[in-house]
Amino acid sequence: MNTLGFIGGGRITRILLNGFKNANVSFDKIYVCETNETVMNALKSDFPQVETSGTDSSKAASSDWVFIALHPPVLMETLTAIKNSIKKDALVVSLAPKITIDKIKSVIPDVQNLARMNPNAGTYVNKGYNPVFFAQSTEKTVINEFLETFKKLGNVPVVPEAQIEAYAMVSAMGHTYFWYQLQQLKELGLSYGLSENEANETISAMLWGTTETLFNSGLNYDKVVDLVPVKPMAEHENTIKEYYKTCLNSLYQKIKPV
């Protein structure tokens, strides 16, 4: 397959590499440029097939698929630094919110195959939800190959660019709104006498049933909630919902394009 390059070797690069590994997706070569030596060494230890570099970005930037795995404040500066290494027929994929395709095009105007993607942590275990937007100029064959590859890592809906930041809030960060609650529920289940396997299985099944009932039962919200008579957390619901609105709305204002 293609050569694959990552500018940045942090969390999202690790997530994608592990998803490819689990799905047995191979590339001719994978290059990662990461300036943090500790992060780079850890990545190389877990994925020995990857060629890493701390200073030379040329191989990663000249790959067939180039993932810009950087935070918004440094993305444009880095893109400017590597632009001469990027091939005109490469697919350049930004994994950051806030920075639009038009801004990316202003730095690499000759590159036609451009995308923005919002992977989430579920991709690590091939259960991802990875919304992607492609620039209108992107070749259809490039799009099709990309989508066929990423379907092996989970869902990969093609979405409007204006929704990328919404997906960042809901799907990419969404795990973090529940992980600590689920871990606490598991620990309580263990204290009540469940084994670890039993706790894992029942919480997983309960969560699947929760979303299916809420979204696909045909019942409205009040009727869904009425299916369970005892609600131990009811007195705290309004407080928790206010946390959601306050924390998420504030962050969304910071990451949406201006």
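Let's start with a space rather than with atoms: the second largest pocket of this chain has a volume of about 850 Å³. Keep in mind as you look around that the model is predicted. Lining that second largest pocket are 29 residues, and those lying nearest its centre are Arg11, Ile12, His71, Leu95 and Pro97. Several helices take part, since at least two lining residues come from each of H1, H4 (72–82), H7 (164–172) and H11 (237–255). By residue class, the lining splits into 18 nonpolar, seven polar and four charged.

Now step back to the whole chain. Its secondary structure consists of 11 helices and nine strands, and the C-alpha trace spans about 65 × 40 × 30 Å along its principal axes. Of the 258 residues, 39% are buried. If you take the contacts between residues at least 6 apart in sequence, 66% of them join residues at least 24 apart.

Helix H1 is a good place to go next. How do the axes of H1 and H2 cross? H1 covers residues 11–22 and H2 covers residues 37–46; their axes come within 11 Å and cross at roughly 5°. Angles under 35 degrees count as roughly parallel, so H1 is roughly parallel to H2. On the H1 side the contact involves Thr13, Arg14, Leu17 and Lys21, which meet Ala42, Leu43 and Asp46 of H2. The residues of this contact between H1 and H2 are three nonpolar, one polar and three charged.

Following the chain beyond H2, you reach Val50, in the loop between H2 and strand E3 (51–53). Is Val50 buried or exposed? With a relative accessibility of 1%, Val50 counts as buried. Setting aside residues up to four places away in sequence, Val50 touches Leu17, Ile30, Val32 and Lys44. Leu17 also belongs to the H1 side of the helix contact. For a sense of distance, Val50 and Leu75 are 25 residues apart in sequence, and their C-alpha atoms are 22 Å apart in space.

Two other buried residues are worth a visit. Val132 sits in strand E8 (residues 132–134) and, at 0% relative accessibility, counts as buried. Beyond residues up to four places away in sequence, Val132 touches Ala115, Arg116, Met117, Phe146, Leu147, Val156, Pro157, Val158 and Val159. One of these partners, Ala115, is 17 residues from Val132 along the chain, with 6.8 Å between their C-alpha atoms. Asn120 belongs to the loop between strands E6 (113–117) and E7 (128–129). Its relative accessibility is 6%, so Asn120 counts as buried too. Outside its neighbours within four places in sequence, Asn120 is in contact with Ile15, Gly128, Tyr129, Asn130, Ser171, Ala172 and His175.

Finally, have a look at the backbone of two loop residues. Which value does phi take in Asn24? Phi of Asn24 is near 55°, a positive value in a residue other than glycine. Asn24 lies in the loop between H1 and strand E2 (29–33) and counts as exposed, at 69% relative accessibility. Lys98, again not a glycine, has a positive phi of about 80°. You will find Lys98 in the loop between strand E5 (91–94) and helix H5 (101–107), where Lys98 is partly exposed with a relative accessible area of 24%.

Methods. Residues numbered from 1 in each chain as written. Predicted model: local features only at pLDDT ≥ 70, side-chain atom pairs only at ≥ 80, totals over all residues. Heavy atoms only, no water. Axes fitted to C-alpha atoms, helices over the stretch in contact; angles between N-to-C directions. Helix = DSSP H or I, 4+ residues; strand = E, 2+ residues; numbered from the N terminus. Parallel < 35°, antiparallel > 145°, perpendicular 65-115°, else oblique. Contact = heavy atoms within 4.5 Å. Nonpolar A, V, L, I, M, F, W, Y, C, P; charged D, E, K, R; others polar. 1 Å grid on protein atoms, 1.4 Å probe; cavity = no way out; pocket = protein on both sides within 12 Å on 5 of 7 lines; lining within 4 Å. Points joined across faces, edges and corners; volume = space filled by probe spheres on them. Buried < 20%, exposed > 50% of the residue type's maximum accessible area, 1.4 Å probe, protein only.
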